[in-house]
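Here are a few short exercises to work through with the model open beside you. Try each task before you read the solution.

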Amino acid sequence: MSLRMPEPDAAVIARRGEIAAALRAIVPGEGVIDDPAMLRPYESDGLTAYRQPPMLVVLPETKDQVSAVLRWCHGQGVKVVPRGSGTSLSGGALPLADAVLLGMAKFNQVLAVDYEDRVAVVQPGVTNLAVTRAVEDAGFYYAPDPSSQIACSIGGNVAENSGGVHCLKYGLTTNNVLGVELVMMDGEIVRLGGRALDPAGLDLLGIVVGSEGLLGVVTEVTVRILVKPETARALLIGFASVESAGQCVADVIAAGIIPAGMEMMDRPAIHAAEAFVNVGYPLDVEALLIVELDGPAAECDHLIDEVERIARADGAVSCRISRDEAERLAFWAGRKAAFPAVGRISPDYYCMDGTIPRRRLPEVLQRMEQLSAQHGLGVANVFHAGDGNLHPLILYDANVPGDLERAEAFGADILRLCVEVGGVLTGEHGVGVEKRDLMPAMFSEVDLAHQQRLKCAFDPGLLLNPGKVFPTLHRCAELGRMHVHAGQVAFPELPRF
Ligand SMILES: Cc1cc2nc3c(=O)[nH]c(=O)nc-3n(C[C@H](O)[C@H](O)[C@H](O)COP(=O)(O)OP(=O)(O)OC[C@H]3O[C@@H](n4cnc5c(N)ncnc54)[C@H](O)[C@@H]3O)c2cc1C
């Protein structure tokens, strides 16, 4: 592991048996795991290059158990790492050697659905897709649709502010979550937001969504559900260059059309996906756009024609329009399977996640090619083009000494490039440990200190998910007194970990 995590507290590790016994009194039966072999499945999340078995795993079933576990850990100075399904690609759920891993998988119930108010109340361990499954017979769905939706949990989605293909039109998790129940590190249970669109007071819900398990543990989520659109049709458009595909994305949005989804794949990704799912993607193009329009049939037909016209004007070399639902799903099948498809052409890949202004797309892709040559590693690009959210998949072989380090250096250069062109370090996968040390590329010391003060307001002992997001360790007391002069903090030499 090339990344430094906070030094494990040997005194806490020495108390492992006592800690397990105390937590068993709160979560009896099989709710506490301390057998080293049984801890192994929890040693990593979707960022598999980083592994660390947790000190203990606790699997509570009720919010009162969550509250009691956190209160006890708070009183004893024991760190806690929340975990949903463990699909985070930024290492957000990476365990620590001296921390309890709090698995929320047993919170798997859809508690209530109110079709009149168009909300569903679910426990955080319910998978993203299960929310749609619970309401689809009544003609409803939950819009944010990460590619990992069969596995990832709503609690994890809230923590990462996850996105997906449909977020261009329908918003990210933050736009579709109306309220949460949150257990604070000291065990207090609070409710933020609710069924109403604009609850009174400060928007604390807005802070909690995307807070990567650093502020509290989510034990209930109220989400917005939407009526399924009358029609959905997709276009599969091939281009001879990524520049013209990028131009088409910009032109469609500029024409006032907001597609339900607008995704781009480059040549390596197209070939990998087609070899995997055989859905008839054109193999003689440099870039492929999948554009979905939804709504009333007449509106959909009109917009399909408009998008095709714009694409042709931008030099599209091929254009297929889905004729039925099966064909629409086939168009998406390759895109949805793009990550595992790339896994077949390279022993390992490292999935990056950065966001850029849409109009800089061609330039960024060109510079990425140069970086690829410079680092000596291939890259396949799959991305939410409409949002400017890139997912370069860096191809490497973990068995080749130095390859992982080169992949990480290449990834860091890509993210710095995103910031340089006016974008941001992350689109939807979060900062976690993966982008933690790159935070100064985007935020000044002053920005970071303010963000850490917010963390301190929720968790003054810094016990919840430490080592994630913030590149520098500060105690909360020190932050309270910190004097910043001319953009410089008092102790610039404080170690990064
Ligand atoms: C193949 C693949 C494709 C993916 N595609 C997408 C995509 O299209 N869009 C996208 O946005 N992401 C995608 N992801 C990333 C990942 O699925 C999301 O970040 C997802 O939201 C993580 O959910 P999880 O339940 O697995 O959370 P985990 O990985 O278990 O945890 C993620 C973070 O959430 C925190 N957390 C989890 N549960 C709680 C809780 N109840 N309370 C407080 N904090 C909690 C953890 O501490 C951690 O910081 C993909 C991942 C994979 C492996």
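**Exercise 1.** Work out how helix H9 and helix H14 are oriented relative to each other.

*Solution.* Keep in mind that this is a predicted model. Start with the two helices: H9 covers residues 242–254 and H14 covers residues 361–375. Next, take the geometry: their axes are 8 Å apart and the packing angle is about 150 degrees. Angles over 145 degrees count as roughly antiparallel, so H9 and H14 are roughly antiparallel to each other. Finally, look at the handedness: H9 and H14 cross in a right-handed way.

**Exercise 2.** Find which residues of H9 and H14 meet, and sort them by class.

*Solution.* On the H9 side, pick out Val 242, Glu 243, Gly 246 and Val 249. Their partners in H14 are Leu 361, Pro 362 and Leu 365. Now sort by class: the contact of H9 with H14 has 5 nonpolar residues, 1 polar and 1 charged.

**Exercise 3.** Describe the shell around the ligand, and say where the ligand lies with respect to domain 1 and domain 2.

*Solution.* Begin with the residues that come nearest: out of 36 around the ligand, these are Gly 84, Gly 92, Gly 155, Gly 156 and Gly 213. Then turn to the elements: strand S3 (79–83), helix H6 (154–160) and strand S10 (217–224) each give two or more residues to the shell. H6 gives the most, with 5 residues. By class, the shell holds 19 polar, 12 nonpolar and 5 charged residues. For the last step, check the domains: domain 1 (10–103) and domain 2 (110–227) both give residues to the shell, so the ligand lies between them.

Key. Residues are numbered from 1 along each chain as its sequence is written. This is a predicted model: local features need pLDDT of at least 70, side-chain atom pairs count only at pLDDT 80 or more; totals for chains, interfaces and linings use all residues. Axes are lines fitted to C-alpha atoms, for helices over the stretch in contact, and angles run from 0 to 180 degrees between N-to-C directions. Helices (H or I, at least four residues) and strands (E, at least two) are DSSP runs, numbered from the N terminus. Angles under 35 degrees count as roughly parallel, over 145 as roughly antiparallel, 65 to 115 as roughly perpendicular and the rest as oblique. A crossing is left-handed if the near helix is turned anticlockwise from the far one by less than a right angle, and right-handed if clockwise. Two residues are in contact if their C-beta atoms, placed from the backbone, lie within 7 Å. Ala, Val, Leu, Ile, Met, Phe, Trp, Tyr, Cys and Pro count as nonpolar, Asp, Glu, Lys and Arg as charged, and the others, Gly among them, as polar. A residue is near a molecule or strand if its C-beta atom, placed from the backbone, lies within 6 Å of it. Domain bounds come from an automatic or database domain assignment.
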